Amino acid sequence: MSYKSRTLDRIDLTILDTLQRNSRISNVDLAKHINLSPSPCLDRVKRLESEGYIKRYGAVLDAKKLDLGMSAFIQVTLDRTKAEVFNQFRDNVVDIKEVAECHMVAGGFDYLVKLRITDMDNYREVLGKVVELPGVSQTHTYVVIEKVKEDLGLPVLGKAIN
């Protein structure tokens, strides 16, 4: 079923906010939370899914319990700023399992790579993989000492979306 995209109203935004905080909430509880009956609530959720506002559902895992409590960010500078070099780097960095995120950035370097690692030995191993990627000319690493704020979703309430 495909829905035509339309302006998101306060109810849609509340649904999105609630689901990103608790994706396991039942449709009945979600409907009560937004003061809607279950059937129209489910219709709205299905529409938000089909229109791509909801990309997936998941669980937030405890990194420390899984022995991945250490994080580091690596600034990566490539040797040339050509599409071929960017494409090679992109195609290869995604295969490194410890890479949690990788962003092409504007500024004094080309990519910012976030690692989830077990310890400094694991970091050294992963750094070796990163510096060997095609086109990498320079890296600078920043090891996280304390996580001050973690991404807990998008601030969708209070937004008018067309």
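Select Thr14 first: in this predicted model, Thr14 counts as buried because its relative accessible area is 18%, below the 20% cut-off. The residue belongs to helix 1, which covers residues 10–21. Display its surroundings next. Beyond residues up to four places away in sequence, Thr14 touches His33, Ile34 and Leu157.

Now show the whole protein chain as a cartoon. Its secondary structure consists of five helices and four strands. Following the sequence, one passes through these elements in the pattern α-α-α-β-α-β-β-α-β.

Keep the full chain in view and consider its dimensions. The C-alpha trace spans about 55 × 40 × 25 Å along its principal axes. The radius of gyration is 20 Å, whereas a compact globule of 162 residues would have a value near 15 Å. Switching to a surface representation, one is looking at an accessible surface of about 11100 Å², with 52% of it belonging to carbon and sulfur atoms. Buried residues account for 32% of the 162 in the chain.

Next, select strand 1 (70–78), helix 4 (83–93), strand 3 (111–117) and helix 5 (120–131). These are the elements that each give two or more residues to the largest nonpolar core. That core has 21 residues, and strand 1 supplies the largest share of it, five residues. To find the members with the most contacts inside the core, pick out Ile74, Val76, Leu78, Phe89, Val113 and Leu115. In soluble globular proteins, nonpolar side chains tend to be buried together.

Which residues are in contact with Val76, leaving aside its neighbours within four places in sequence? Centre the view on Val76 and show Phe89, Phe109, Asp110, Tyr111, Val113, Val130, Val136, Gln138 and Thr139, which make up that set.

Two of these residues lead to the next stop. Phe89 and Tyr111, both in contact with Val76, are joined with Phe86 in a cluster linked by ring pairs. Show the three side chains as sticks to inspect this cluster of Phe86, Phe89 and Tyr111. The count of aromatic pairs comes to two.

Then move to the other core, which lies apart from the largest one and has 13 residues. Select Leu8, Leu16, Leu19 and Ile54, which are among its members.

To finish, return to the full chain and display its contacts. Among those between residues at least 6 apart in sequence, 67% join residues at least 24 apart.

Terms used
Residues numbered from 1 in each chain as written. Predicted model: local features only at pLDDT ≥ 70, side-chain atom pairs only at ≥ 80, totals over all residues. Heavy atoms only, no water. Core = buried A, V, L, I, M, F, W, Y, C linked by side-chain atoms within 4.5 Å. Buried < 20%, exposed > 50% of the residue type's maximum accessible area, 1.4 Å probe, protein only. Contact = heavy atoms within 4.5 Å. Phe/Tyr/Trp six-rings, centres within 6.5 Å; stacked < 30°, edge-to-face > 60°. Rg over C-alpha atoms; globule rule 2.2 N^0.38 Å. Areas by Shrake-Rupley, 256 points an atom, 1.4 Å probe, with all protein chains shown as cover.
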